[in-house]
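These notebook entries record what I looked up in one structure, in the order in which I looked. I began with the chain as a whole and then turned to its parts.

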Amino acid sequence: MPDTPTTLPPLALVLPLASAILYVIGALLLRRAADFGVGFWRTTFVANTICAVIYAPLLVMGGTWHWNLVWQPMVAAVLFVGGSILSFLSINKGDVSIATPVLGLKIILVALFSTLLVGQGTSPRHWAAAALSTLAVALLNRTRTAQHHHVTATILAAGSSAAVFALFDVLMQKWAPAWGVGRFLPLMLAFVVVLNLGLIPMFPAPLTKIDGAAWPWLLAGSIVMGVQSLMFVGSVSYFREATAANVLYSSRGLWSVVLVWLIGHWFHNAERKLGADILAWRLVGAGLLLVAIALVLL
């Protein structure tokens with residue numbers, strides 16, 4: 001059968017795009033907090049806890065409790081925490097220029113899992129958009145770094161994170177509708193808080209030992225990350241368009257170039273000093289990304 005274009009609701013487009021911009025801002029804030037030695041274990045703990053608080057008001061949206069299916073939000077919580085840890089680990093273990101492009105594989109994996117697990121046929125346009133987005137992410141994160149360390153470990157961690165979050169998105173799309181956004185998401189984040197307790201033994205030092213100067217950056221970054229997570233996950237859960245949402249969300253690669261160049265120095269970020277050749281590759285990536293987004297919108 002020929003591919004029949006479907007029109008997505010405006011919010012199904014706006015929420016992932018807005019989430020992409022907020023993600024970059026949150027990442028810049030958390031990167032600044034890292035300069036004070038917060039560490040990725042404590043950052044994950046604080047960010048996940050704040051995220052749970054942000055998700056809690058969704059309870060007013062109502063829904064249906066399915067206690068016989070309580071394992072579903074529990075599985076989603078494990079994937080959420082696991083994906084977060086693997087993502088931070090990939091960046092902490094090796095070079096961002098390797099980890100970030102590999103994380104971009106999530107886009108392709110969402111399309112694959114949507115077909116295998118949900119039975120939702122992914123249109124040729126969306127497959128093409130997912131492929132272009134993955135290539136664009138790689139180009140947008142191209143650097144001049146010649147020496148990479150822990151390459152195998154970095155690729156494994158980043159690739160595993162991409163797979164975990166892709167599975168998370170697709171299962172959210174599959175399970176959440178029966179519960180309702182106001183039931184599934186808050187309950188899932190409640191389980192996240194419980195799982196978060198398992199991170200405490202990994203702390204290099206108690207939270208009380210975090211440098212006072214780091215807290216404003218850490219809290220601001222965690223809040224922004226929580227808000228963008230709510231917008232993105234809420235969109236996938238409600239509109240059930242995981243593939244399209246992920247293609248739009250991948251525009252964070254484009255926004256990272258723009259925002260790092262415009263305001264990165266506010267966060268003591270030195271990426272704006274990259275040479276013209278790197279900027280050229282990133283512009284090519286941005287162009288491919290715009291084509292991918294157009295394939296979703298049209």
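**Entry 1. The chain as a whole**

I first looked up burial and found that 49% of the 298 residues of the chain count as buried. I note at the outset that the model is predicted. I then listed the secondary structure: the chain has twelve helices and zero strands. Read from the N terminus on, the elements therefore run α-α-α-α-α-α-α-α-α-α-α-α, helices being the DSSP runs numbered in that direction. I also looked up the contacts between residues at least 6 apart in sequence, and 91% of these join residues at least 24 apart.

**Entry 2. The largest nonpolar core**

Which residues touch the most other members of the largest nonpolar core? I found Phe 168, Met 172, Phe 184, Leu 185 and Met 188, in a core of 49 residues. I next recorded the elements that give two or more residues to this core: α1 (10-34), α2 (40-55), α3 (71-93), α5 (106-118), α7 (151-179), α8 (181-196), α9 (215-239) and α10 (242-249). The largest share, ten residues, comes from α7.

I took Leu 185 as an example of a core member. Not counting residues up to four places away in sequence, Leu 185 touches Tyr 55, Leu 58, Met 172, Val 233, Gly 234 and Ser 237. Apart from the largest core lies another core, of eight residues, among them Leu 8, Leu 13, Phe 239 and Leu 248.

**Entry 3. Helix α2 and Cys 51**

I checked the length of α2 against expectation. At 1.5 Å a residue, its 16 residues should span 22 Å, and the end C-alpha atoms are 22 Å apart, which agrees. I then asked how many residues of α2 are buried. The count is 13 of the 16, so α2 is largely enclosed by the rest of the structure.

Within α2 I looked up Cys 51. Cys 51 has a relative accessibility of 3%; because buried means under 20%, Cys 51 counts as buried. Leaving aside neighbours within four places in sequence, Cys 51 is in contact with Phe 80, Leu 189, Gly 226 and Ser 229. I also noted a pair distant in sequence: Cys 51 and Val 192 are 141 residues apart along the chain, and their C-alpha atoms are separated by 9.3 Å.

**Entry 4. Ser 161 in helix α7**

I returned to α7, where Ser 161 is found. Is Ser 161 buried or exposed? At 1% relative accessibility, Ser 161 counts as buried. Its contacts, not counting residues up to four places away in sequence, are Gly 83, Leu 86, Ser 87 and Leu 103.

**Entry 5. The packing of α9 and α10**

Two packed helices are described by the angle between their axes and the distance between the axes. For α9 and α10 I read an angle of about 150° and axes 9 Å apart. Angles over 145 degrees count as roughly antiparallel, and α9 and α10 are therefore roughly antiparallel to each other.

Which residues meet where these helices pack? From α9, Gln 228, Phe 232 and Val 236 take part; from α10, Ala 242, Ala 245, Asn 246 and Tyr 249 do so. By class, I recorded five nonpolar, two polar and no charged residues in this contact.

**Entry 6. Burial in α10**

I found α10 to be mostly covered, with eight of its eight residues buried. These are Ala 242, Thr 243, Ala 244, Ala 245, Asn 246, Val 247, Leu 248 and Tyr 249.

I looked up two of them individually. Val 247 is buried, with a relative accessible area of 1%. The C-alpha atoms of Val 247 and Ala 292 are separated by 7.1 Å, and the two residues are 45 residues apart along the chain. Leu 248 counts as buried at 0% relative accessibility. Between Leu 248 and Ser 133, 115 residues apart along the chain, the C-alpha separation is 8.9 Å.

**Entry 7. Leu 207 in a loop**

Last, I looked up a residue in a loop. Leu 207 lies between α8 and α9. At 24% relative accessibility, Leu 207 counts as partly exposed, because that value falls between the limits of 20% and 50%. Leaving aside neighbours within four places in sequence, Leu 207 is in contact with Arg 42, Phe 45, Val 46 and Trp 215. Leu 207 and Val 46 are 161 residues apart in sequence and 9.0 Å apart in space, C-alpha to C-alpha.

Terms used:
Residues are numbered from 1 along each chain as its sequence is written. This is a predicted model: local features need pLDDT of at least 70, side-chain atom pairs count only at pLDDT 80 or more; totals for chains, interfaces and linings use all residues. Side-chain values use heavy atoms; hydrogens and water are left out. A nonpolar core is a set of buried Ala, Val, Leu, Ile, Met, Phe, Trp, Tyr and Cys residues joined through side-chain atoms within 4.5 Å. Buried means under 20% relative accessible area, exposed over 50%, partly exposed in between (1.4 Å probe, protein chains only). Helices (H or I, at least four residues) and strands (E, at least two) are DSSP runs, numbered from the N terminus. Contact means heavy atoms within 4.5 Å. Axes are lines fitted to C-alpha atoms, for helices over the stretch in contact, and angles run from 0 to 180 degrees between N-to-C directions. Angles under 35 degrees count as roughly parallel, over 145 as roughly antiparallel, 65 to 115 as roughly perpendicular and the rest as oblique. Ala, Val, Leu, Ile, Met, Phe, Trp, Tyr, Cys and Pro count as nonpolar, Asp, Glu, Lys and Arg as charged, and the others, Gly among them, as polar. The expected span of a helix is 1.5 Å times one less than its number of residues.
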